[in-house]
Amino acid sequence: MHVETIDCEYTLPRFAAAYLLVHEGRAAFVDNNTVHAVPKMMAALALHGLGPEHVDWCIITHVHLDHAGGSSALMKACPNATLVAHPRAAPHVVDPTKLVSSAEAVYGAERFEELYGVIEPLDASRVKIMEDGDTLDFAGRSLRFIHTRGHANHHFVIYDATDRVVFTGDAFGIAYPVLAERGPFAFPSTSPTDFDGPLAREAVDTIMKTGATTAYLTHFGPVTSLSEVGEQLKATLQISEDLMREAYASEAPDAALEARILAPLRAHFDERLAGHGLSLSEDQWAYLSLDIELNAQGLAFVAQKMRRKDRKAKLENRS
């Protein structure tokens with residue numbers, strides 16, 4: 001099976017990928033990025049002498065818009081394809097109203113359009129749900145789907161045992177090539193809203209135990225040193241969870257939790273960079289700074305959710 005890494009040029013070069021799988025004259029895509037990436041995906045297909053009619057599957061690891069925002073446009077371009085999704089992700093592809101409205105509330109309508117374009121509903125008859133452990137036939141080879149919570153509750157990874165490769169979405173973290181001059185520099189995504197530290201570490205272990213020798217990360221590209229990457233991820237996941245729990249237990253108001261987490265999280269990354277022998281240029285920092293801020297937001301969101309749960313329990317106990 002040939003795997004092509006497609007740079008979707010989402011926000012920055014080599015920041016978010018889609019993958020083209022080609023086998024026995026058939027094609028599949030893994031992670032569909034945004035509407036704006038669809039022409040790049042079609043161009044990659046054409047380079048292999050294939051057309052849209054040769055695409056059997058369009059697979060999304062989860063429904064976050066940098067992974068799934070291009071699904072409706074891609075499916076419109078590929079008339080024979082079926083979209084493959086986690087059971088919890090599928091309803092949001094069929095009816096993306098909530099996804100679009102929540103993202104527009106964050107970005108504003110104009111910026112949303114720049115990032116994601118128009119996201120249309122998808123006919124449910126063209127969506128296939130994969131339960132944990134299910135397999136899918138791709139031109140005679142078996143792809144196995146493994147549910148991996150921690151980053152998102154609607155996330156799975158895809159393992160091909162023949163070539164021992166796994167497509168990991170965000171479950172095996174982020175490793176930008178621009179930060180890899182001294183070896184892989186990997187870190188987890190704890191962005192809003194479903195971060196769970198123990199489950200995220202479990203997902204990392206699950207991926208490492210598949211037997212894969214190559215992991216294809218959406219952010220960004222293939223990594224082969226799975227053991228090293230996994231240990232980096234688990235170390236930062238533990239620190240992230242510790243910061244989240246410290247913020248939760250603090251006297252700081254809910255609105256101040258993100259700032260409370262952000263400073264020590266930045267300090268952790270500074271320490272890791274120094275230990276890695278990296279001194280980042282302004283361009284390199286552009287890759288890292290956004291993720292640090294998003295990770296702090298996700299950790300603060302969980303801490304606030306835990307507090308709301310505590311407050312609710314107290315009120316119920318009084319009544």
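**Core, helix packing and a loop glycine**

Leu 83 touches Asn 32, Cys 58, Ile 60, Ser 71, Met 75, Val 93, Leu 122, Arg 126, Val 127 and Lys 128, with residues up to four places away in sequence left out of the count; contact means heavy atoms within 4.5 Å. The model is predicted, so local features need pLDDT of at least 70 and side-chain atom pairs count only at pLDDT 80 or more, while totals for chains, interfaces and linings use all residues. Residues are numbered from 1 along each chain as its sequence is written, and side-chain values use heavy atoms, without hydrogens and water.

The largest nonpolar core (buried Ala, Val, Leu, Ile, Met, Phe, Trp, Tyr and Cys residues joined through side-chain atoms within 4.5 Å; buried is under 20% relative accessible area, exposed over 50%, partly exposed in between, with a 1.4 Å probe and protein chains only) has 106 residues. Leu 83 is among those with the most contacts inside this core, as are Phe 29, Ile 59, Phe 145, Phe 167 and Phe 172. The largest share of the core, 8 residues, comes from α10.

Helix α8 (residues 226-249) packs against α10 at an angle of about 40°, with the axes 9 Å apart. This makes α8 oblique to α10, oblique being the class left after angles under 35 degrees (roughly parallel), over 145 (roughly antiparallel) and 65 to 115 (roughly perpendicular). The contact involves Ser 240, Met 244, Arg 245, Ala 247 and Tyr 248 of α8, and Leu 299, Val 302, Ala 303, Met 306, Arg 307 and Asp 310 of α10.

Gly 277 lies in the loop between α9 (257-275) and α10 (282-318). Gly 277 is partly exposed, at a relative accessible area of 38%.

Technical notes: Helices (H or I, at least four residues) and strands (E, at least two) are DSSP runs, numbered from the N terminus. Axes are lines fitted to C-alpha atoms, for helices over the stretch in contact, and angles run from 0 to 180 degrees between N-to-C directions.
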